[in-house]
Amino acid sequence: MAAPIDLLKFIHKQNLQDIYPNIEIALRIFLTIPVTTASCERSFSKLKLIKNYLRSTFEQKRLISMAILSIEY
């Protein structure tokens, strides 16, 4: 059984995108979907720590900046 990336490479190598457009699109979507949602969950967890009652009056721009600093740390 071939890996999805191998199938996509084969379709492009043989110029079969016009013949099998739906398969090509489905493979591209499948290969770009993340395996887990851990990074999203980590972001929300950090945001919950940053945005507490005392900081609930932050402007949106400052909150985003604080979240990025905390996540990237």
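**Asparagine 15 and the helices around it**

Asparagine 15 counts as exposed, with a relative accessibility of 57%. The cut-off behind that label is a relative accessible area over 50%. The model is predicted, and the values given here are computed from it.

Asparagine 15 sits in the loop that joins helix H1 (4–13) to H2. Its backbone is worth a look. Although asparagine 15 is not a glycine, its phi is positive, at about 55°. Most residues other than glycine have a negative phi.

The loop belongs to a protein with 4 helices and 0 strands. Read from the N terminus, the order of elements is α-α-α-α.

Past the loop comes helix H2, which spans residues 21–32 and contains leucine 31. Is leucine 31 buried, exposed or partly exposed? Its relative accessible area is 35%, so leucine 31 is partly exposed: buried would require a value under 20%, and exposed one over 50%. Leucine 31 also takes part in a nonpolar surface patch, which it forms with Ile5 and Phe30. The area of this patch is about 270 Å². Membership in a patch requires over 30% relative accessible area, and leucine 31 has 35%.

The protein as a whole can be described in the same terms. Of its 73 residues, 11% are buried. The exposed surface of the protein amounts to about 6700 Å², and 62% of that surface is supplied by carbon and sulfur atoms.

Note on methods: Residues are numbered from 1 along each chain as its sequence is written. This is a predicted model: local features need pLDDT of at least 70, side-chain atom pairs count only at pLDDT 80 or more; totals for chains, interfaces and linings use all residues. Side-chain values use heavy atoms; hydrogens and water are left out. Patches are made of residues with over 30% relative accessible area and no salt bridge: like charges are joined within 9 Å, nonpolar side chains (Val, Leu, Ile, Met, Phe, Trp, Tyr) within 5 Å. Accessible areas come from the Shrake-Rupley method with a 1.4 Å probe; for residues, only the protein chains shown count as cover. A salt bridge is a side-chain nitrogen of Lys or Arg within 4 Å of a carboxyl oxygen of Asp or Glu. Helices (H or I, at least four residues) and strands (E, at least two) are DSSP runs, numbered from the N terminus. Buried means under 20% relative accessible area, exposed over 50%, partly exposed in between (1.4 Å probe, protein chains only).
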